[in-house]
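Have the chain open in a viewer before reading on. The walk goes from the overall fold to single residues.

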Amino acid sequence: MASRALILLRARLAAGRDGARLPIASLFMQAFAATALCALTPPDLPPFAAALFGLCAAACLVAIPLFGELGDLLVRDEAEAWVSALPVEERDLRLARLGHLGIELGLLTLGAILPAAVLLDGLSPGQRLGLVLAALAQSACLAACLSVAMGAFARRASALLVLLQSSLFLFAIVGGTLALRHMSELRQLASPVDRGLYWLPSAWFAAPFATAQGSTTGWAWSLAGVLASAAALAALLFVPAPRLPPPSGAPLLLGRLLAPLRNLALRLWVRPRERGVFELVFEGLPREREFVLRTYPLVGLPLAFLVVGMRGEDAAGARALLALLLFTPGVYLPVLLAHVPVSASHRARWILDGAPIARADIDNGAIKAVTLRFLVPLYGALSALAWFLCGPVFTLHVAPVTFLVTLAVVRQVWRAFGIEKPLSTAPDNVAVEQSWFNAMMVIALLLTVLAVFAERLLASPWVALAAVAVLLFLEWSQDRALSREARDTA
């Protein structure tokens, strides 16, 4: 049995991305992020506080890829049809899958915890080794919890992964920003009972370090970490791997809600030559898991900062912050647009390559689909919050202008950055070039200046109407220019 599982494990590793047997690049990325976080910690931390910080940072850095791309190892095997024809048993497949997960997860964990074990003060050599072992046990618990959750919610497992990864991403960005204000309070933590930390799983694994200061509660809470680790190993070894049903072709919930706007756009905005691409991107792009996992957290980022930044603001400050956040989506649009070509079925790009339409029609149809599918819901959510916080007058004056400005940025970015055809590129081959970041900085500066002037000038309804009219004319002229280009190249 062991030999068969080993052969399957070697095959899984050999089929890794770009032929790489180990995720070395991911390890270095984890190490870089962990090193940056450890550099922010105050010196002379108690052993428990140092261990708790290192374990919490490692949990976030490991959970984001685990609940994203790495989660596929729990439920999917790209060579499942081939492997099923081999003379192997289910336990061989399970051991090979767990071995693959253990290697990937172990490397990611080591990359996240080794900088903390080396750089954090107040730990003895034995405690530094214990910190690494505690982080590995913690990662096993995360994997077991994910496996059980995916088995319990098999029909919604993909949506669950998207929700978990998006929530973790937003928590890491927003929570990390807020935590910088309270780093000095780490010195006051000496055991899991301080500040009621016994509810935090990372505190269970950090509990043994509390005994260094004579705490009588350290070993008691350490038992919770030991039991959690044992339960995690049992779950990974003996609980059957979750089986996900094949994706259905039923319309997604958001697609059903957008159906009236979609029909209206097909009548008034989308030309017949663009309709095929529009329908393909509108229906297909949200079903691409790689695209969803990489871009949906970006969509929720302004909403998260809005909720955090609104605390304690007066009416004028709230309007200024909302104006800035309504312009924010244009800043990270290059990253979102760069992933529009992502598709697990990229080998079917011949459908677009052989289509009897010009490239300009493909671009125009894709831009309109992205606008309706992603920008409209995002600005709907932002406008609803703006209406609730600052009233209908501010929302009606500012939201249409910011939406049309963002649409203009989408068109400029798409053509200037040379975005590939939609759903035509393998996920591993998508890259954001360094020059894009320079352009994003320029876009951010321009949109910030526009937000400052918009918050003041758009208070007048006549100025707001004039701005909307100008931006609508700009959209009409850009749309017409692409259509003319398509006719000229046909």
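What follows moves from the fold to the cores, then to salt bridges and a few chosen residues.

This is a predicted model. The chain has 20 helices and zero strands. Of its 490 residues, 47% are buried. How do the contacts spread along the sequence? Among contacts in the chain with a separation of 6 or more, 84% join residues 24 or more positions apart.

Start with helix 3, residues 47–66. Its 20 residues should span 28 Å at 1.5 Å a residue. The end C-alpha atoms are 28 Å apart, which agrees with that figure. Is helix 3 mostly covered or mostly open? It is mostly covered, with 17 of its 20 residues buried.

Now the nonpolar interior. The largest nonpolar core has 55 residues. Which of them touch the most other members? They are Phe278, Val281, Leu285, Leu337, Val340, Val370 and Trp414. Several elements give two or more residues to this core: helix 12 (259–268), helix 13 (275–284), helix 14 (289–309), helix 15 (315–327), helix 16 (329–338), helix 18, helix 19 and helix 20. Helix 18 gives the largest share, 21 residues. A second, separate core holds 47 residues, including Cys38, Ala58, Leu70 and Leu146.

Return to Phe278 in the largest core. Neighbours within four places in sequence are left aside here. Phe278 is then in contact with Arg262, Leu266, Val270, Gly365, Lys368, Ala369 and Leu372. One of these partners, Lys368, comes back below among the charged residues.

The structure holds 16 salt bridges. Three of them deserve a look, each with its own setting.

Asp353 pairs with Lys421, with the closest N and O atoms 2.9 Å apart. Asp353 lies in helix 17 (residues 350–353) and Lys421 in the loop between helix 18 and helix 19 (434–457), so the pair ties together parts that are 68 residues apart in sequence. The two ends differ in cover: Asp353 is partly exposed, with a relative accessible area of 41%, whereas Lys421 is buried, at 14%.

Asp479 and Lys368 meet in a salt bridge at 3.2 Å, N to O. Asp479 belongs to helix 20 (residues 461–489) and Lys368 to helix 18, so this pair ties together parts that are 111 residues apart in sequence. Are Asp479 and Lys368 buried or exposed? Both are buried.

Arg415 and Glu485 form a salt bridge, the closest N and O atoms being 3.1 Å apart. Arg415 lies in helix 18 and Glu485 in helix 20, so the pair ties together parts that are 70 residues apart in sequence. Arg415 counts as partly exposed, at 38% relative accessibility. Glu485 counts as partly exposed too, at 33%.

Salt bridges also join into a network. Its linked residues are Arg271, Glu274, Lys368, Arg411, Glu475 and Asp479. The Asp479 and Lys368 pair thus appears within this network.

Stay with helix 18 for one polar residue. Ser383 is found in helix 18 (residues 359–416). Ser383 counts as buried, at 18% relative accessibility. What lies by its side chain? A polar atom of the Ser383 side chain is 2.6 Å from the backbone oxygen of Tyr379. Not counting residues up to four places away in sequence, Ser383 touches Thr395 and Ala399.

Next, the loop between helix 18 and helix 19, which holds Ala426. Ala426 counts as buried, at 13% relative accessibility. Where does the chain come back to meet it? The C-alpha atoms of Ala426 and His346 are separated by 5.6 Å, while the two residues are 80 residues apart along the chain. Not counting residues up to four places away in sequence, Ala426 touches Ser343 and His346.

Finish with the cysteines. How many disulfides does the count give? The count comes to zero. Why does Cys145 have no such bond? The closest cysteine sulfur, in Cys141, is 6.4 Å from the sulfur of Cys145, too far for a bond. A disulfide needs the two sulfur atoms within 2.5 Å. Cys145 itself is exposed, with a relative accessible area of 54%.

Key:
Residues numbered from 1 in each chain as written. Heavy atoms only, no water. Helix = DSSP H or I, 4+ residues; strand = E, 2+ residues; numbered from the N terminus. Expected span 1.5 Å × (residues − 1). Buried < 20%, exposed > 50% of the residue type's maximum accessible area, 1.4 Å probe, protein only. Polar contact = N/O pair within 3.5 Å; in protein donor to acceptor, adjacent residues only side chain to side chain. Contact = heavy atoms within 4.5 Å. Salt bridge = Lys/Arg side-chain N within 4 Å of Asp/Glu carboxyl O. Core = buried A, V, L, I, M, F, W, Y, C linked by side-chain atoms within 4.5 Å.
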